[in-house]
Amino acid sequence: MPAFSCFAFSFQRLASFFKLFSARPPTGSDDEMSYEIQRLADTLSKPIERRGFYREMQSFLELYSRYVEEKRSAVKLDWTRMAPAGQRIVSFDSLDEIHKKGKALNKLAILKVNGGLGLTGAKGALEVKDGLTFLDLTIRQIQHLNKSFRVDVPLLFMTSFSTYEDTINIIQRYANNSVNITAFNQSRYPRFFEDTLTLCPADADASDRTPWYPPGHGDMYAALHRSGVLDRLLSDGKEYLFVSNSDNLGATVDMKILDHMVTSRSEFLMEVTDKTRTDVEGGALVDYDGSIRLIELAEIPLEHRDDFTRKYKTFNTNNLWISIKAIKRVIESGGMHLPIIEKFQDLPDGRRTVQLETAAGASISYFKNAHGVHVSRTRFLPVKNTSDLLLLKSDLYTIDPNGQIDFSRQRMFENTPTIKLGDQFRTIEQFQKRLPTIPNIIDLDHLTVTGDVHFGRSVTLRGTVVVSADEGQRIEIPDGTVLENKLLSGTLNMIKL
């Protein structure tokens with residue numbers, strides 16, 4: 001049967017499945033959700049749009065069905081069956097030195113997860129330094145890699161319906177460069193109401209983004225397969241996929257880890273690093289009944305969450321090295337039932353909506369000889385908020401013309417300062433307004449800022465600095481000010497002498 005006929009048959013079968021329900025079935029049932037999906041499909045006028053919509057919604061319905069069943073059966077993780085991963089996590093320092101330098105690069109592809117929204121727009125499109133975004137710097141890194149080793153490592157960006165346009169606009173700047181760049185979209189799932197379990201969207205219009213969401217990076221495997229990118233990588237002779245978040249500039253190609261993957265014949269490596277006080281929600285690799293598994297904090301019973309944080313000292317960086325052949329094998333042999341991450345969003349009318357997500361690292365249990373590699377914090381430099389952005393944009397880091405990021409040798413200690421910016425700095429617009437230039441923080445240990453605080457230019461912060469403006473009041477720190485082990489509070493207009 002020709003490929004088109006097979007595809008058409010699949011579409012007809014999906015469409016007929018969803019059209020079985022002409023009257024609304026019982027509340028909360030799979031049948032009712034199928035009815036809801038058909039309601040949305042009927043708002044699409046073009047058959048090609050409905051075809052893609054049905055395929056995407058089939059994956060959503062499978063996830064939703066598992067969610068309802070797990071809620072009904074109240075399945076919980078058994079804390080007593082968990083133990084530290086032990087020898088399933090190897091130290092980066094223990095890995096053998098590279099003995100076939102550059103050879104495996106010809107079989108490598110790089111995927112950057114760029115589906116999330118940052119402080120403004122696509123996180124990967126956020127400016128880091130000198131007008132360059134995370135995506136610009138990533139592309140420069142791969143350009144340098146390909147040129148240095150005379151290889152052709154392709155770069156993939158997994159985007160969402162919210163980040164695709166921003167990503168394409170940046171990629172187009174590099175149309176005639178030495179990097180083969182591909183962008184593909186992950187799924188678009190509908191939020192549903194917590195009380196009625198009915199879908200939020202009134203129709204399937206892609207321009208109305210509010211009731212829709214990208215279902216986490218665990219959707220990566222299905223998106224690679226559905227888009228045809230997975231098969232194309234295999235036909236191009238690629239065997240290994242290095243995955244990381246687009247905002248993590250520390251996640252560069254490490255030849256030592258790649259070589260270890262080849263020599264150890266591992267189908268899946270996860271980079272883990274030491275926790276700090278700000279990493280309490282990071283998932284940890286554990287031994288669960290003799291099998292390796294990634295456990296997220298949300299899966300732990302409430303009474304054991306403090307124990308989990310204290311007992312498991314490392315967490316998942318989401319830097320993943322995966323066998324492409326193994327991905328295809330797992331998908332085509334039944335796929336992955338990854339743990340469901342439940343998130344909520346409160347609406348102005350008081351109702352609450354639910355979105356269901358999965359994490360890519362949770363797939364580790366599906367791969368052979370999978371294990372963790374304990375790496376330093378230099379390979380984990382994410383930007384989740386403006387406090388992280390201040391660190392990355394500061395004089396603590398330098399970025400060379402090849403997009404590589406380096407920690408300043410001028411700092412006495414290797415640890416980074418603890419920075420806590422209050423709600424007045426939450427958005428990028430607020431951040432830029434209150435910090436026209438980034439302070440010098442080479443000798444800073446801790447910074448806390450709350451309230452309406454404005455920093456002048458060329459400010460230097462050292463030791464522990466706390467600046468707290470009273471509600472309704474304002475603190476202005478003049479240009480060139482040096483604050484060392486200072487507490488500023490209340491209402492203050494500093495005058496530079």
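This report walks through a three-stranded sheet, one helix, the aromatic pairs and the salt bridges of the structure above.

The model is predicted, so to speak of a local feature takes pLDDT of at least 70, side-chain atom pairs count only at pLDDT 80 or more, and totals for chains, interfaces and linings use all residues. Residues are numbered from 1 along each chain as its sequence is written, and side-chain values use heavy atoms, with hydrogens and water left out.

**The sheet around β13**

Let's start with the open sheet, which has three strands in the order β1-β13-β14 and antiparallel pairing. Its edge strands, each paired on one side only, are β1 (82-84) and β14 (291-295). From one strand to the next the twist averages 50 degrees; axes here are lines fitted to C-alpha atoms, for helices over the stretch in contact, and angles run from 0 to 180 degrees between N-to-C directions. Strands (E, at least two residues) and helices (H or I, at least four) are DSSP runs numbered from the N terminus, and two strands pair if DSSP finds at least two bridges between them.

How many bridges link β1 to β13? Three, with β13 covering residues 284-288 and the pairing antiparallel. Across that pairing, A83 stands opposite D287, and P84 has V286 as its bridge partner. On to β14: five bridges join β13 to it, again antiparallel, and here V286 stands opposite R293. The hairpin of β13 and β14 has two residues between the strands, and in it D289 takes a positive phi near 55 degrees.

Is β13 enclosed or open? Five of its five residues are buried, so β13 is largely enclosed by the rest of the structure. Buried means under 20% relative accessible area, exposed over 50%, and partly exposed in between (1.4 Å probe, protein chains only). Both faces of β13 are covered, with A284, V286 and Y288 buried on one side and L285 and D287 buried on the other. That fits the general picture that side chains in a regular strand alternate between the two faces of the sheet.

Y288 has another role in the picture: the charged end of R293 sits over its ring, 4.7 Å from the centre. Elsewhere, R352 lies over the face of F344, at 3.8 Å from the ring centre. A charge sits over a ring if NZ of Lys or CZ of Arg is within 6 Å of the ring centre and within 35 degrees of the ring normal.

**Helix α4**

Helix α4 (residues 134-149) has 16 residues and reaches 23 Å from its first C-alpha to its last, close to the 22 Å expected at 1.5 Å a residue. That expected span is 1.5 Å times one less than the number of residues. Among the buried residues of α4 are F134, L135, L137, I139, I142 and L145, along with D136 and N146. After the helix comes R150, with a positive phi near 55 degrees.

**Aromatic pairs**

The count comes to eleven aromatic pairs, taking rings of Phe, Tyr and Trp (its six-membered ring) with centres within 6.5 Å; planes under 30 degrees apart are stacked, over 60 edge-to-face and the rest tilted. Y64 and F192 make an edge-to-face pair, 5.4 Å centre to centre with 90 degrees between the planes. Y64 is in helix α3 (residues 47-73) and F192 in strand β9 (residues 192-193), so the pair ties together parts 128 residues apart in sequence. Y64 is buried at 0% relative accessible area, and F192 is buried at 0% as well. Both belong to one aromatic cluster with F60, Y67, Y189 and Y213.

**Salt bridges**

There are 22 salt bridges, each a side-chain nitrogen of Lys or Arg within 4 Å of a carboxyl oxygen of Asp or Glu. Here are some of them.

| Pair | Closest N and O atoms |
|---|---|
| E69 and R72 | 3.0 Å |
| K71 and E342 | 3.3 Å |
| K107 and E239 | 3.6 Å |

E69 and R72 are three residues apart in helix α3, so about one helical turn separates them. E69 is partly exposed at 40% relative accessible area, while R72 is exposed at 58%.

K71 and E342 form a salt bridge; K71 lies in α3 and E342 in strand β16 (residues 341-346), so the pair ties together parts 271 residues apart in sequence. Both ends are partly exposed, K71 at 48% and E342 at 29%.
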